[in-house]
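Grab a pencil and work through a few exercises on a protein chain and its ligand. Try each task yourself before you read the solution.

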Amino acid sequence: MLFPRIEKTQPCEWEFDTREPPKIVIFEGFDYARFLLIPNEDNPKRCILEYRILEKQTISPTLTRYRIHAPFVARKAQPGNFVIIRVNDSGERIPLTICESDPASGTVVLIVQAIGKTTKLMATLCAGGSLADVVGPLGKPTEIVSDQSVACIGGGVGTAELYPIAKALYKAGNRLSTIIGARTKELIILREEMAALSHELIITTDDGSAGRTGLVTDALRNLLGGSSDISTVYAIGPLPMMKAVAELTRGFGTKTFVSLNAVMVDGTGMCGGCRVTIGGTMKFACVDGPEFDAHQVDFDEIMLRNRTYREMELLSDGLFERGQACAAQEATS
Ligand SMILES: Cc1cc2nc3c(=O)[nH]c(=O)nc-3n(C[C@H](O)[C@H](O)[C@H](O)COP(=O)(O)OP(=O)(O)OC[C@H]3O[C@@H](n4cnc5c(N)ncnc54)[C@H](O)[C@@H]3O)c2cc1C
Ligand code: FES
């Protein structure tokens, strides 16, 4: 099928070189780059490329839940998949896990921790605004075991990444022992949602403000050392947490999966930015993962690689914060 020539006129707006643009055009240039173009009511010759934020909910000062209109992603997403988004046309590309997807409404849910420039910029968007790109679903879907006793370990925002996997494990007839850990009570997320899927739910906080005081590995050690017959562990969270879980479960001989948050750029295996070493072999986290056998991962290498751009990230974050402070000052003066 021949598509009308489209020319980019300004961020998120495209003009058709036809007299009568179709009502809705599905532009499928590449398999992973599909756009839904919706006619602009004010100017029928223009179509708007829309990844609209339909809902925005603040979970905690740094965590936000977004429901986004991305029908092609929603239609194909599976547990473990992620998207690469750009907030605006000149923005950085960042990977985010698809926490929920609903093909009927054509929406996906992302839960995002605002920790640097791009995630903080995203937090300034409101419901009704849109993202420049939502590319996906990317990555390999999670290997879901069935009819077993499994442990699901979520650390910080990793709990949001674990949620679709826990749902699929529950559906496959597994018995879930879930441990959610965070630094403080405010950072515990999806407590009720995870409880609904779990045979038992254990909360741990570093400061003891909720649940047991201590780390997720303390609770996991008790589970594995007790009478449970856990055969598989799924752990998602900060790299030091996943490394500690891997070291613990290796001693018990328990199969363990982790999701690696390597630095990603294209998400399609072309740039090499997400290189990780698994069992002595080089893999790309974006296409070969992001989930891998935890006992094969070279955690020290990925932790070192993730620090490569720290100086630039801090600089960029500082400039963004200063810009926000200036804008706020101007708005009030
Ligand atoms: C497969 C995958 C799924 C993810 N899912 C989620 C999620 O659901 N919710 C969430 O809050 N975060 C998720 N992340 C992490 C998220 O991508 C980073 O927090 C985000 O890129 C930070 O960007 P920034 O500009 O705000 O912060 P920066 O200050 O630029 O970076 C802060 C830290 O984030 C990491 N980071 C920065 N840029 C990238 C990048 N392009 N790719 C990967 N990591 C990067 C680095 O470790 C860096 O030190 C995921 C990461 C991966 C790889
Ligand atoms: S992000 Fe470029 S190869 Fe994986």
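The exercises below deal with a predicted model, and each task is followed by a worked solution.

**Exercise 1: Getting an overview**

Task: Find out how many helices and strands the chain has, and what percentage of its residues count as buried.

Solution: Start with the secondary structure, which comes to nine helices and 21 strands. Next, look at burial: the chain has 333 residues, and 37% of them count as buried. Finally, check the contacts between residues at least 6 apart in sequence: 61% of these join residues at least 24 apart.

**Exercise 2: Around the ligand**

Task: Work out which residues come nearest to ligand 1, and which domains give residues to the shell around it.

Solution: Step one is to list the neighbours. There are 26 residues around ligand 1, and I94, G116, T118, T119 and E313 come nearest.

Step two is to sort the shell by kind: 13 of its residues are nonpolar, seven are polar and six are charged.

Step three is to see which elements supply the shell. At least two residues each come from strand 9 (94–97), strand 11 (107–113), helix 2 (117–123), helix 3 (158–171) and helix 9 (310–332). Strand 9 gives the largest share, with four residues.

Step four is the domains. Both domain 2 (53–138) and domain 3 (149–259) give residues to the shell, so ligand 1 lies between them.

**Exercise 3: Reading a sheet**

Task: Take the open sheet of four strands, give its strand order and explain why strand 6 and strand 10 each have one side without a neighbour in the sheet.

Solution: Going across the sheet, the order is 6-7-11-10, and the pairing is antiparallel. Now look at the edges, where strand 6 (53–60) and strand 10 (100–102) stand; each has a single partner strand, so one side of each is left without a neighbour in the sheet. From one strand to the next, the twist averages 20°.

For a closer look, take strand 7 (residues 63–69) and strand 11, which pair in the antiparallel sense over seven bridges. One of the links to spot is L63, whose bridge partner in strand 11 is Q113.

**Exercise 4: A hairpin**

Task: Describe how strand 19 and strand 20 pair and what sits in the turn between them.

Solution: Strand 19 (residues 275–278) and strand 20 (residues 281–284) are antiparallel partners, with four bridges. Opposite I278 you'll find T281 in strand 20. The two strands form a hairpin with two residues between them, and G279 in the turn has a positive phi of about 55°.

**Exercise 5: Hunting for the unusual**

Task: Locate two cis peptide bonds, then decide whether D147 and L190 are buried or exposed.

Solution: Here's the background: most residues other than glycine have a negative phi, and most peptide bonds are trans.

First, the peptide bonds. G136 and P137 are joined by a cis bond with omega about 0°, and P137 belongs to strand 12 (residues 133–138). Another cis bond joins G289 and P290, with omega about 15°; P290 is in the loop between helix 7 (285–288) and strand 21 (291–293).

Second, the phi angles. D147 isn't a glycine, yet its phi is positive, about 50°. D147 lies in the loop between strand 12 and strand 13 (149–155). L190 isn't a glycine either, and has a positive phi of about 55°. Look for L190 in the loop between strand 14 (175–182) and helix 4 (191–197).

Third, burial. The cut-offs are 20 or more C-beta neighbours within 10 Å for buried and 12 or fewer for exposed. D147 has 8, so it counts as exposed. L190 has 21, so L190 counts as buried.

Methods. Residues are numbered from 1 along each chain as its sequence is written. Chains are lettered from A and ligands numbered from 1 in the order in which they are written. This is a predicted model: local features need pLDDT of at least 70, side-chain atom pairs count only at pLDDT 80 or more; totals for chains, interfaces and linings use all residues. A residue is near a molecule or strand if its C-beta atom, placed from the backbone, lies within 6 Å of it. Ala, Val, Leu, Ile, Met, Phe, Trp, Tyr, Cys and Pro count as nonpolar, Asp, Glu, Lys and Arg as charged, and the others, Gly among them, as polar. Domain bounds come from an automatic or database domain assignment. Two strands pair if DSSP finds at least two bridges between them. Axes are lines fitted to C-alpha atoms, for helices over the stretch in contact, and angles run from 0 to 180 degrees between N-to-C directions. Two residues are in contact if their C-beta atoms, placed from the backbone, lie within 7 Å.
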